[in-house]
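Open the model in your viewer and keep the sequence panel beside it. The stops below go from single residues to the whole chain and back again.

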Amino acid sequence: MTWNIHGMRGGDGRVDPERVARVVDEVKPDIVGLQEVGALRGATRLEAQAQAVADRAGMQVALGPTVDGREFCYGNCILVRGSIEATLSYDLSVRGREPRGCIRADVLLPGEACISLHVFNVHLGLHWRE
């Protein structure tokens, strides 16, 4: 499952990590890539938002911050049913454009085969310069 959650702000304007967590919990995917996980400073932190969704869905979380500024932070995260063995973040930003990032998680999915995967979650821009 992949989903740009726009800072967990719904169409009604409310920021509600619980609502996002309910959708993930209902779909029950093995792997989720969330983009635009973020918050204003003093509000729910990036880590808290991602962890709230992971906890509700019974998943592990890997964070890939793209911007960690004084007023605002956001990035991507990967949620998995299984274990996260390692993570690596990549800065894909282009000068003069909005910062962009990618997170890689090496995951081990549960089951008889114990499948090992390299999972990438990226949030790209649509402008031709990017």
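In which element is the place of Glu-36? Select Glu-36 and you will find that its place is in strand S2. Bear in mind from the start that this is a predicted model.

**Stop 1: two residues with positive phi**

Stay on Glu-36 and look at its backbone. Glu-36 is not a glycine, yet its phi is positive, about 60°. Most residues other than glycine have a negative phi. Because its relative accessibility is 22%, and the buried class ends at under 20%, Glu-36 counts as partly exposed.

Next, select Lys-28. Lys-28 also has a positive phi of about 60°, and it is not a glycine either. Where is Lys-28 found? Lys-28 sits in the loop between H1 and S2.

**Stop 2: the whole chain**

Zoom out and colour by secondary structure. The protein chain has two helices and seven strands. Follow the cartoon from the start of the sequence and the pattern reads β-α-β-α-β-β-β-β-β.

Now consider the overall dimensions. The C-alpha trace spans about 50 × 30 × 25 Å along its principal axes. How does the radius of gyration of the protein chain agree with that of a compact globule? For 130 residues a compact globule would have a radius of gyration near 14 Å, and the protein chain has 15 Å, which agrees.

Switch on the surface. The accessible surface of the protein chain is about 7,400 Å², and carbon and sulfur atoms account for 53% of that area. Of the 130 residues, 37% count as buried. Colouring by charge will pick out 15 positive and 17 negative side chains, with the centres of the two sets 7 Å apart.

With contacts displayed, take the pairs of residues at least 6 apart in sequence: 57% of these contacts join residues at least 24 apart.

**Stop 3: the largest nonpolar core**

Hide the surface and select Leu-34, Val-37, Val-53 and Leu-79. These are the residues with the most contacts inside the largest nonpolar core, which has 15 residues. Two or more residues of this core come from each of helix H1 (17-27), strand S2 (31-40), helix H2 (46-57) and strand S4 (72-80). Which element gives the largest share of this core? The answer is H2, with four residues. In soluble globular proteins, nonpolar side chains tend to be buried together.

Centre on Leu-79 and show its neighbours. Beyond residues up to four places away in sequence, Leu-79 touches ten positions that you can select by name: Asp-30, Ile-31, Val-32, Leu-34, Ala-50, Val-53, Ala-54, Met-59, Gln-60 and Val-61. Another core, of nine residues, lies apart from the one just visited; select Ile-103, Val-107, Leu-109 and Val-119, which are among its members.

**Stop 4: Gly-75 and Leu-63**

Go to Gly-75 in strand S4. Is Gly-75 buried or exposed? Gly-75 is buried, because its relative accessible area is 0%. Draw a distance from the C-alpha of Gly-75 to that of Pro-29: the two residues are 46 apart along the chain, and the separation is 20 Å.

Then select Leu-63, which has its place in strand S3 (residues 60-68). With a relative accessible area of 25%, Leu-63 is partly exposed. The C-alpha atoms of Leu-63 and Asp-16 are separated by 19 Å, for two residues 47 apart along the chain.

**Stop 5: two loops and Gly-82**

Select Ser-93, found in the loop between strand S5 (83-91) and S6. Ser-93 counts as partly exposed, at 34% relative accessibility. Leaving aside neighbours within four places in sequence, the contacts of Ser-93 are Pro-99 and Arg-100.

Add Gly-82 to the view. Ser-93 and Gly-82 are eleven residues apart in sequence, and their C-alpha atoms are 30 Å apart in space.

Keep Gly-82 selected and add Gly-111. The place of Gly-111 is in the loop between strand S6 (101-108) and strand S7 (116-123). How far apart are the C-alpha atoms of Gly-111 and Gly-82? They are separated by 9.0 Å, while the two residues are 29 apart along the chain. Gly-111 has 48% relative accessibility, so it counts as partly exposed.

Technical notes. Residues numbered from 1 in each chain as written. Predicted model: local features only at pLDDT ≥ 70, side-chain atom pairs only at ≥ 80, totals over all residues. Heavy atoms only, no water. Rg over C-alpha atoms; globule rule 2.2 N^0.38 Å. Buried < 20%, exposed > 50% of the residue type's maximum accessible area, 1.4 Å probe, protein only. Contact = heavy atoms within 4.5 Å. Areas by Shrake-Rupley, 256 points an atom, 1.4 Å probe, with all protein chains shown as cover. Lys, Arg positive; Asp, Glu negative; His and termini not counted. Charge placed at Lys NZ, Arg CZ, Asp CG, Glu CD. Core = buried A, V, L, I, M, F, W, Y, C linked by side-chain atoms within 4.5 Å.
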